[in-house]
Amino acid sequence: MRCLGEHFCKLLIMLSIVEEKYIQFEPKAGGGNLLRMFSTSTLYNKPYLIEAIKKPGATWAAQLVEFTIPKPNMLSIHSILQKIFIKGLSFENHPQWFFFLMFRMTRSCGYFIPYFYGKGFNSHYVKGKKCLLKIKPVSTNHYASKLQLCHSRSSVSFSLARTVHAHMISSGFKARGHILNRLIDIYCKSSKLILARKLFDEIPHQDVVARTTLVATYCASGDLKTAREIACKCILDGFTYTGVISACANAGLFQIGKQVHAYLLRTEANPTLDYSLSVNNALITFYSKCGKIDEARDIFNQMQVRDLVSWNAILSAYVSGGRIEEAQSHFRNMRDRNLLTWNVMISGLAQNGFGEEGLKLFNKMKLEGLEPCDYAFAGAITSCSVLGSLDNGRQLHAQLVRFGFEASLSAGNALITMYARCGVVEAADCLFNTMPSVDSVSWNAMIAALGQHGRGAQAVELYERMLKEGILPDRITFLTILSACSHAGLVEDGRRYFDSMHKLYGIAPGEDHYARVIDLLCRAGRFSEALDVIESMPFKPGAPIWEALLAGCRIHGNMDLGIQAAERLFEMIPQHDGTYVLLSNMYAALGKWDDAAKIRKLMRDRGIKKEPGCSWIEVENKVHVFFVDDTMHPEVQAVYNYLQEMVLKMRKLGYVPDTKFVLHDLESHQKEYALTTHSEKLAVVFGLMKLPRGATIRVFKNLRICGDCHNAFKFMSKVAGREIVVRDGKRFHHFRNGECSCSDYW
DNA sequence: TTAGGGTTAG
């Protein structure tokens, strides 16, 4: 029990700080045997645990901890907590259980304190307890290490830092130097600038470290006057400049960052400024984040000395600018690479739509003997989202658990999107609800997932829940919730959220937000309102606005307005194939074949090619691609035969091919045949032929699904008794028993 | 004790 005793001592010290209270604590003996008994077990979810829960005190805590060895992680402990609550047990009478857990988690995973703080645990178990132990002031090292606990890779615990600070004051401890600097840093990172400034002003000898922290924070908040005031009172070093440049990069302050750069160039001859490497590295990232990739490259090329940070920074710049070829060539030319290099490249490929390449690189990384971290997993999982490869995604999820990263936020968030984009929104929902901790990215991902699957009401519900839990929506939250409302026809909700953006949350709507509102209104046929919104915009409408308007006009056959929108688009983005196709489709749908042909001719004259429609489906871990009128796939003839039989059965149930979706003026039997060559039909039929009985058919299409295919899949789902899920360029359709989840609103 | 290279959401 010696080891346990030590744990408890450490715990006590820590808790004294966490709670600012005196805590009654009575360690109980008897855990030793059980500790040994389970020392090799990691099966925390076996019935032993249920038995163990019935036992009191330290015995139980000892088991609990031991069960999580050798790889304690957030998920395993979280699931224990869930079991405890399911059984109606609480920590009320056994605070030591909670202490032990918290200590173990904090030590093993580094970020459990913020987790517990958010969940109201602290008030749950201490209230009403007698206070027996008085906590004395502790050493500088102790406070330093406690403040270190406030920092984790992804979060800063303001509440813990504040408590440590309070403890210092109440115990009479005189904090100096780096302890204060750390506190200031944490306050700044927690956006408590006033508190940080107050502390800074109380320091008798303000050093360059504290100044650097504050200058960078004031700069990021846009308060340049104060930043300058603080900066000019001491000799600045490289840390200050890199800090300021980085702050400008993160806050998007391009002009100011450029001024700092110009200033540094003027003072380059100054021999005291010997920090060009890190400053240049910061500058690469600054220009990259401001979208100036060429400038970033120039800095990299002109650098006399470069290190791995420089190489990674410029690689990241290429990737973020979508310059994948340059990134790949740069990656190949790198003599040294670290884990980060691989992560940047893998996720960069995935983000730019190169899912297959991303997965290949992830596997290559492993073959080269590098152990992937959770960021690498996140990149690989994103690759699966791009491909719609559920099999690969599931395998990666399993690997992730084996590697002990199941508590990772970035990988977890990537998984939510992967499951949703692979058509299994239930799995995404389940993951979201069982993740040990979530952040705003997770909420946004889940709201987006529900929206894409046509579950607008649920998306709205989740958004409201997010607000109730005190999470502030950001500009991406609004993009996702507006899309969700738009796809589900929730016009009033969408309008209300759009209005609240600026009024309640101070976020100025961007063009992308306006485009979504226009989409929302036009889909519902409310064109005059949409035009009013366009009038009220503080900037000139760009292509996304006219595209949304045109798409709405197509749905409602509003030819006049559609032509106006298309004309604007022809001026703005003449090379974009979508405008020509949409307008031509509108004419064709109205039977105006001459006009449709004119648009097609215009397209040809301008040398614009329509992106060919293609659909794909994963069968036994292999992706099968079908094009329109496919002749390439080895089994395509069997597919056509199967489809013909299927159409006969569908006709008996009332299916009538809707030839208005054929865009060329053909004889009616030719039109009907043309419909049967659509890539999405071929892929779905291939799935029906190849996948086991009862398995859901999941098909992906690069463009929007065709209206006749949409109707046909409703009948097909009934005839075959199967669920068919189709992901098109915008959203998902779930066909089940003759109906689609979108209720034909798309 | 401060700074410079990464991730996930649209």
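How far does a polar side-chain atom of N181 lie from a base oxygen of DNA strand B? In this predicted model, the separation is 2.3 Å, which falls inside the cut-off for a polar contact (a pair of N or O atoms within 3.5 Å). N312 also reaches a base, with a polar side-chain atom 2.9 Å from a base nitrogen of DNA strand B. For R475, an N or O atom of the side chain sits 3.4 Å from a base nitrogen of that strand.

A few ground rules help here. Residues are numbered from 1 along each chain as its sequence is written, and chains are lettered from A in the order in which they are written. Local features need pLDDT of at least 70, side-chain atom pairs count only at pLDDT 80 or more, and totals for chains, interfaces and linings use all residues, while side-chain values use heavy atoms, with hydrogens and water left out.

Zooming out, 45 residues surround DNA strand B, and N181, S246, N338, N343 and Q351 come nearest; a residue counts as near if one of its heavy atoms lies within 4 Å. Sorted by class, this surface has 22 polar, 17 nonpolar and six charged residues. Looking from the DNA side, 49% of the strand B atoms within 4 Å of the protein belong to sugar or phosphate, and the rest to bases.

The UniProt entry, which is unreviewed, annotates "repeat: PPR" over several spans, including residues 510–544 and 576–610. In the model, residues 510–544 are 71% helix and 0% strand, with the end C-alpha atoms 11 Å apart. Residues 576–610 are 74% helix and 0% strand, and their end C-alpha atoms lie 9 Å apart.

Then there are the aromatic rings. Rings of Phe, Tyr and Trp (its six-membered ring) pair if their centres lie within 6.5 Å; planes under 30 degrees apart are stacked, over 60 edge-to-face, and the rest tilted. By this rule there are 21 aromatic pairs. F300 and W311 make an edge-to-face pair, because their ring centres are 5.2 Å apart and their planes meet at 85 degrees. F300 belongs to helix α18 (residues 293–302) and W311 to helix α19 (residues 308–320). F300 is buried at 6% relative accessibility, whereas W311, at 25%, is partly exposed (buried means under 20% relative accessible area, exposed over 50%, partly exposed in between, with a 1.4 Å probe and protein chains only). Elsewhere, ring pairs link F362, F377, F403 and F405 into a cluster.

How values were computed. UniProt positions are given in the numbering used here, feature names are shortened, and annotations may be inferred rather than shown by experiment. Helices (H or I, at least four residues) and strands (E, at least two) are DSSP runs, numbered from the N terminus. A polar contact is a pair of N or O atoms within 3.5 Å; within protein, one must be able to donate a hydrogen and the other to accept it, and residues adjacent in sequence count only if both atoms are side-chain atoms. Ala, Val, Leu, Ile, Met, Phe, Trp, Tyr, Cys and Pro count as nonpolar, Asp, Glu, Lys and Arg as charged, and the others, Gly among them, as polar.
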